[in-house]
Amino acid sequence: MEINEIITKIEAGERLGLPEARKIYEHGDFHQLGHLAHKARVERHPEPFVSYVVDRNINYSNICVCGCRFCAFFRPPGHPEAYVLSREILFSKIEETLSLGGTQILMQGGHHPDLPLSFYEEMLHAIKSKFSIHIHAFSPPEIVHFSKLEGTDISTVIARLRRAGLDSIPGGGAEILVDAVRRRVSPNKCSKGEWLDVMEEAHRQGLRTTATMMFGHEEEPEDRLEHLLALRDLQDRTGGFTAFIPWAFQPANTGIQRSPETAVSYLRLLALSRIMLDNFQNIQASWVTMGPKVAQLALHFGANDFGSTMIEENVVAAAGVHFRLSIQEIRRIIQAAGFEPRQRTMDYKLVATVDSIST
Ligand code: SF4
C-alpha cells in the first residue's frame with residue numbers, strides 16, 4: 001500500500017496492520033505523522049485539557065537479582081548502597097505527597113531474593129490503615145517474581161495484593177514485548193507472555209493498569225510495532241489499560257552503550273502509538289526522559305497527558321538524567337502549549353484543585 005493510501009485509511013479511522021504501520025513509521029513524513037496523531041488525539045479528547053497526576057515514585061527497595069543490562073538503578077544483595085525502606089521513611093514520603101496535593105503513590109522495587117509475599121501485603125495494609133491514598137504498585141515482572149518465590153500462581157498473588165490494598169498496577173517492565181529482545185537485554189525477567197498474562201489477570205480482577213514501552217536499546221523498529229500490536233490485542237479483550245507511556249532508554253551507567261534516542265525519533269514513535277493504539281484513551285508524554293521542551297511538543301504529536309509530577313524519581317535519575325519540574329512549571333508548560341492543565345487521578349478522573357480554579 002502506498003503512503004497516501006495509508007494516510008487515507010488513518011483519516012477514515014481504520015485500523016492499521018503491521019505492514020502499513022511499518023511503512024508509515026519508517027517512511028512517513030514527520031509533520032504528517034504528527035498531524036495525523038494530533039487529529040486522532042483531538043477526536044478522542046475534544047476538550048482542551050491536558051491532564052497530569054500529582055504523585056511520587058517510591059522505590060521500596062533497590063535490591064535485585066535480575067541484572068537487566070539496561071538498568072542503572074538496582075544493587076545486588078549485600079551491596080553497600082542496597083536498601084529496603086523502613087516504614088518510618090515510607091510513611092514520611094507519603095505524608096509529604098499528600099501535603100503537596102498528591103492522590104497516589106507509584107511503588108516499585110527490584111526482584112528481592114528473600115522477601116515473602118506477606119512482606120508486600122503487610123506494607124500495603126500498613127499504608128492503607130494510615131493514609132487515604134491510591135496505591136499504584138508492583139509491575140508485572142515483580143508480580144511474576146513474587147509468584148515464583150511464593151510457589152503460587154499469578155492470579156492468587158494479584159488477589160492477595162488486591163485484598164491487602166493494591167489499587168492498580170503500573171505497566172513497567174514491558175521494555176519491548178518481544179522475547180528475542182528480552183532474552184538479550186533482561187534474560188532473567190518475565191517473558192512477553194507472562195507480562196501480558198499479569199495484565200490480563202489484573203484486568204479480569206477489576207484492577208486498571210497502564211502500559212509502557214522502553215525503546216532505543218537493542219530492538220529493531222519492527223519489534224516496537226510488535227509491542228504495540230500485543231498491547232492493542234489485549235486491550236481489545238479487556239479494555240483494562242488506562243494509558244500508554246512510551247519512553248526512551250537512557251544509556252548512562254548501564255550495560256548497554258549507545259546514543260540516546262533523538263527528539264524526532266521519540267516524537268515519531270509517540271505519534272505512531274496514538275495512531276495504532278486506537279483503543280487506548282490516553283497517551284502520556286515523558287518529560288522525565290525527554291525533558292520538558294520535547295514533552296511540550298509531544299502534546300501536538302498525540303499525547304493528551306503530561307504524566308506524573310514525580311515528587312520523587314530514582315530510576316531514570318540513576319541513569320544520569322535529572323529533569324525536575326514543579327507542579328506550577330508543569331501547568332505553565334501545558335498552558336504555553338495551548339491547553340488547560342487539569343489534575344487527574346490514576347483512572348483519569350479530573351480533580352478540582354485550587355490551582356485549576358484560579359488559572
Ligand atoms: S529493571 Fe528492575 S528487574 Fe531489572 S535489574 Fe533493574 S530493578 Fe531489577
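Buried means under 20% relative accessible area, exposed means over 50%, and partly exposed lies in between (1.4 Å probe, protein chains only). This is a predicted model, where local features need pLDDT of at least 70 and side-chain atom pairs count only at pLDDT 80 or more, while totals for chains, interfaces and linings use all residues. Residues are numbered from 1 along each chain as its sequence is written, and side-chain values use heavy atoms, with hydrogens and water left out.

**Exercise 1. The whole protein**

Task: State what share of the residues is buried, then test the protein against the compact-globule rule.

Solution.
Step 1. Of the 359 residues in the protein, 57% are buried.
Step 2. The rule is 2.2 Å times the number of residues to the power 0.38, and the radius of gyration is taken over C-alpha atoms.
Step 3. For 359 residues a compact globule would have a radius of gyration near 21 Å. The protein has 20 Å, which agrees.
Step 4. Look at the box too: along the principal axes, the C-alpha atoms fill roughly 55 × 50 × 40 Å.

**Exercise 2. Contacts across the sequence**

Task: Take contacts between residues at least 6 apart in sequence, and find what percentage join residues at least 24 apart.

Solution.
Step 1. Contact means heavy atoms within 4.5 Å.
Step 2. Of those contacts, 75% join residues at least 24 apart.
Step 3. Now take one residue, Asp167, in the loop between helix H7 (154-164) and E5. Helices (H or I, at least four residues) and strands (E, at least two) are DSSP runs, numbered from the N terminus.
Step 4. Leave aside neighbours within four places in sequence. Asp167 is then in contact with Lys128, Ile133, His134, Ile135 and Leu207.
Step 5. Asp167 and His134 are 33 residues apart in sequence, yet 6.1 Å apart in space, C-alpha to C-alpha.
Step 6. With 28% relative accessibility, Asp167 is partly exposed.

**Exercise 3. Two helices**

Task: Check the spans of H11 and H9, then list their buried residues.

Solution.
Step 1. The expected span is 1.5 Å times one less than the number of residues.
Step 2. Helix H11 (residues 263-276) has 14 residues and should span 20 Å; its end C-alpha atoms are 20 Å apart, which agrees.
Step 3. Helix H9 (residues 192-204) has 13 residues and should span 18 Å; its end C-alpha atoms are 18 Å apart, which agrees.
Step 4. In H11, 12 of the 14 residues are buried, so the rest of the structure largely encloses this helix. Among them are Tyr266, Leu270 and Met276.
Step 5. In H9, the buried residues include Lys192, Trp195, Leu196 and His203.
Step 6. Just after H9, Gly206 takes a positive phi of about 90°.

**Exercise 4. Unusual phi values**

Task: Place Phe138 and Glu175, and decide whether each is buried or exposed.

Solution.
Step 1. Most residues other than glycine have a negative phi.
Step 2. Phe138 has a positive phi, near 65°. Its place is the loop between strand E4 (134-137) and helix H6 (140-150). Phe138 is buried, at a relative accessible area of 0%.
Step 3. Glu175 has a positive phi of about 45° and is not a glycine. Its place is the loop between strand E5 (168-169) and helix H8 (179-185). Glu175 counts as buried, at 6% relative accessibility.
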